[in-house]
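Colleague: Could you take a close look at one part of this model for me and then walk outwards from there? I'd like one connected account rather than a list.

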Amino acid sequence: QLFRDNVHFVLDLYDPFGFSKKMSEEKKAERLVMEVNNGRLAMLGIFGFLSADTIPGSVPLLKSIAIPYDGSVMAPFAPDFHIF
């Protein structure tokens with residue numbers, strides 16, 4: 001909170017529109033944990049597809065879905081990467 005007030009404005013991305021104002025603190029905490037866990041699961045899914053696309057057969061469940069990728073999957077993080 002101190003950082004948000006004194007250094008840099010940061011949006012409250014968990015509930016930016018204030019839908020949880022009428023919820024109890026216990027319910028808010030429970031839903032925040034659910035939101036964090038959903039984000040972690042999404043990251044695992046993305047890394048699963050990234051692995052399956054990069055190394056064929058590395059994720060057996062995605063064998064029929066993932067399309068092998070010939071390029072560099074880390075290209076967007078290269079210092080000379082540009083879209084245009």
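The part I mean is R31: where does R31 sit, and what is R31 in contact with once its neighbours within four places in sequence are left aside?

Modeller: R31 has its place in helix α2. Bear in mind that this is a predicted model. Leaving aside the neighbours within four places in sequence, the contacts of R31 are Y14 and M23. Take Y14 to begin with: 17 residues separate R31 and Y14 along the chain, yet their C-alpha atoms are 9.4 Å apart. As for cover, R31 is partly exposed, its relative accessible area being 36%. That value falls between the two cut-offs, since buried means under 20% and exposed means over 50%.

Now look at K28, which also belongs to helix α2. K28 makes a salt bridge with E25, and the closest N and O atoms of the pair are 3.6 Å apart. Why can these two pair up along the helix? K28 and E25 are three residues apart in α2, so about one helical turn separates them. The two partners differ in cover: K28 is partly exposed at 22% relative accessibility, while E25 is exposed, with a relative accessible area of 58%. If you go hunting for other salt bridges, you can stop here, as the structure holds one.

K28 has another link, this time to the loop between α1 and α2, which is where S20 lies. Not counting residues up to four places away in sequence, S20 touches K28 and also D15. S20 is buried, and the reason is its relative accessible area of 8%, with the cut-off for buried being under 20%. It's worth a second look, given that buried residues make up 7% of the 84 residues in the protein.

Staying with that loop, V10 is found there too, between α1, which covers 2–6, and α2, which covers 25–54. V10 joins F3 and V7 in making a nonpolar surface patch of about 280 Å². V10 can take part because its relative accessible area is 33%, which makes it partly exposed, and a patch residue needs over 30%.

Back on helix α2, find L32. L32 counts as partly exposed at 39% relative accessibility. From L32 you can get a feel for the distances to the other end of the chain: L32 and P76 are 44 residues apart along the chain, and their C-alpha atoms are separated by 30 Å.

P76 comes up again with F81, which is found in the segment after α2. Leaving aside its neighbours within four places in sequence, F81 is in contact with P76 and A75. F81 is partly exposed, with a relative accessible area of 41%. By contrast with those contacts, the C-alpha atoms of F81 and S58 are separated by 27 Å, the two being 23 residues apart along the chain.

Y69 is found in that segment after α2 as well. Going from C-alpha to C-alpha, Y69 is 9.1 Å from L50, with their positions 19 residues apart in sequence. Y69 has a relative accessible area of 45%, so it is partly exposed.

Finally, step back to the whole chain. The secondary structure comes to two helices and zero strands. The radius of gyration is 19 Å, well over the 12 Å that the globule rule gives for 84 residues, so the protein is more spread out than a compact globule. Along its principal axes, the C-alpha trace spans about 50 × 35 × 20 Å. The protein exposes about 7,700 Å², and carbon and sulfur atoms supply 66% of that area.

So, to come back to your starting point: R31 is a partly exposed residue of helix α2, in contact with Y14 and M23 once its neighbours within four places are set aside.

Methods: Residues numbered from 1 in each chain as written. Predicted model: local features only at pLDDT ≥ 70, side-chain atom pairs only at ≥ 80, totals over all residues. Heavy atoms only, no water. Patch = residues over 30% accessible without salt bridge, like charges linked within 9 Å, V, L, I, M, F, W, Y side chains within 5 Å. Areas by Shrake-Rupley, 256 points an atom, 1.4 Å probe, with all protein chains shown as cover. Salt bridge = Lys/Arg side-chain N within 4 Å of Asp/Glu carboxyl O. Helix = DSSP H or I, 4+ residues; strand = E, 2+ residues; numbered from the N terminus. Buried < 20%, exposed > 50% of the residue type's maximum accessible area, 1.4 Å probe, protein only. Contact = heavy atoms within 4.5 Å. Rg over C-alpha atoms; globule rule 2.2 N^0.38 Å.
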